[in-house]
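Hi everyone, thanks for coming. I'd like to walk you through the open and enclosed spaces in one model, so please bring it up on your screens.

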Amino acid sequence: MSDGIKLNLGCGGNPLDGYVNVDKYGTPDLKHDLEVFPWPFEDDSVSDVVLNHVLEHLGQKTETYLAIIGELYRVCRGGARIRIAVPHPRHDDFLNDPTHVRAVTPDGLLLFSQRKNLEWRRRRCANSTLGLNLGVDFELVDFKLELDPAWGQRLEKGEIDQNVLFDAVRRYNNVVKEFRMELRVVKPPTSASPRSDSPAP
Ligand SMILES: C[S@@+](CC[C@H](N)C(=O)[O-])C[C@H]1O[C@@H](n2cnc3c(N)ncnc32)[C@H](O)[C@@H]1O
C-alpha cells in the first residue's frame, strides 16, 4: 500500500525519509501531542505508521490510550501497516524510564482484533473485547522478540535450547529486551461482515 500518508509518530531524533515525522517536542515535520484529539489527519488517509519506542509513553489513563488506538484506526485506511516496537515490560529498559506509562504486549494488542473478540465470545472467554467495544479492528500479523544480549548469546552458543528460553521468559526479568509487532488495519471491521456472528465450525 504505497499511496497513503506515512507517519513516524513520536519520531524524536530519528526522522524517516518519506514519512511525516511527528513529535510533541523538538522540530519534527509536524509538532503535535498524540494525546490531543483529533489528530490532524483525515479519515482513511494513512497507509503506513511507525511507532518506534513510543506507545509505551502514551496513554497513562486508560481512556487516553484507548482514544489513541481509536485515532490510529480512524486515520488509517484498510490494509494499512502499523509497526510497533516497545521494550518488554519486564526488562529494566522499561522500568528505568519514568515516562514509560504502560506495558504494551502482543497479547494486549490482540484485544483490538474483532476476529479474536468474536472467537472469544463464541467460546465464552472472559477477555476484554476492545475491538468490538471501540469499533476498531486490527490484525496482529507478525511479532518478534529481541532477546537481551546475555540470553541471546547463551542461545547462540547452544548453552540453552528454546524450551529453556521459553521457561525463562515466563519466570525471569531481563530475558526479552524488546517486542516488535506489526498490525494490519481491517476496514470495514470484521463485525460488519454478515457472517461474523455465525457459529464456529
Ligand atoms: C523513546 S523516544 C523514541 C524516539 C524515536 N521514535 C526513535 O526511534 O528514536 C519517545 C518519543 O516519543 C515522543 N512522545 C512522547 N509522548 C508524546 C506525545 N504525547 N506526543 C507526541 N510525541 C510524544 C517523545 O518526545 C520522544 O521523542
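Let me start with a question: where does the ligand sit? It sits in the largest pocket. Before I go on, please keep in mind that this is a predicted model.

Let's look at that pocket. The largest pocket holds about 320 Å³ of space. It is lined by 15 residues, and those closest to its centre are Asp23, Lys24, Tyr25, His57 and Leu58. If you sort the lining by class, you get five nonpolar, six polar and four charged residues.

Now to the ligand itself. There are 16 residues around it, and Gly10, Asn14, Asp23, Asp33 and Asn52 come nearest. By class, this shell divides into five nonpolar, seven polar and four charged residues.

For those of you who like distances, I have three. A polar side-chain atom of Asp23 is 2.6 Å from a ligand oxygen. For Asn14, an N or O atom of the side chain lies 2.6 Å from an oxygen atom of the ligand. With Gly12, the contact comes from the backbone: one of its N or O atoms is 3.4 Å from a ligand oxygen. And how much of the ligand does the protein cover? On its own the ligand has 590 Å² of accessible area, and the protein covers 81% of that.

Next, the second largest pocket, which has a volume of about 210 Å³. Which strands each supply at least two residues of its lining? Those are β4 (46–52), β5 (76–87), β6 (138–147) and β7 (176–185). The residues lining this second largest pocket include Asn52, Arg83, Asp142, Lys144, Arg180 and Glu182. You have met Asn52 already, among the residues that come nearest to the ligand. By class, the lining of the second largest pocket has five nonpolar, one polar and five charged residues.

Last stop, the enclosed space. How many cavities of 30 Å³ or more are there? The count comes to one, and the volume of the largest cavity is about 40 Å³. Its lining is made up of Ile69, Leu72, Ile84, Leu109, Phe112, Phe138 and Leu183. Sorted by class, that is seven nonpolar residues, with no polar and no charged ones. Do look at Ile84 on your screens: it lines the largest cavity, and it also lines the second largest pocket.

That's my tour, and I'm happy to go back to any of these spots with you.

How values were computed: Residues numbered from 1 in each chain as written. Predicted model: local features only at pLDDT ≥ 70, side-chain atom pairs only at ≥ 80, totals over all residues. Heavy atoms only, no water. Near = heavy atom within 4 Å. Polar contact = N/O pair within 3.5 Å; in protein donor to acceptor, adjacent residues only side chain to side chain. Areas by Shrake-Rupley, 256 points an atom, 1.4 Å probe, with all protein chains shown as cover. 1 Å grid on protein atoms, 1.4 Å probe; cavity = no way out; pocket = protein on both sides within 12 Å on 5 of 7 lines; lining within 4 Å. Sits in = over half its atoms within 2 Å of the grid points. Nonpolar A, V, L, I, M, F, W, Y, C, P; charged D, E, K, R; others polar. Points joined across faces, edges and corners; volume = space filled by probe spheres on them. Helix = DSSP H or I, 4+ residues; strand = E, 2+ residues; numbered from the N terminus.
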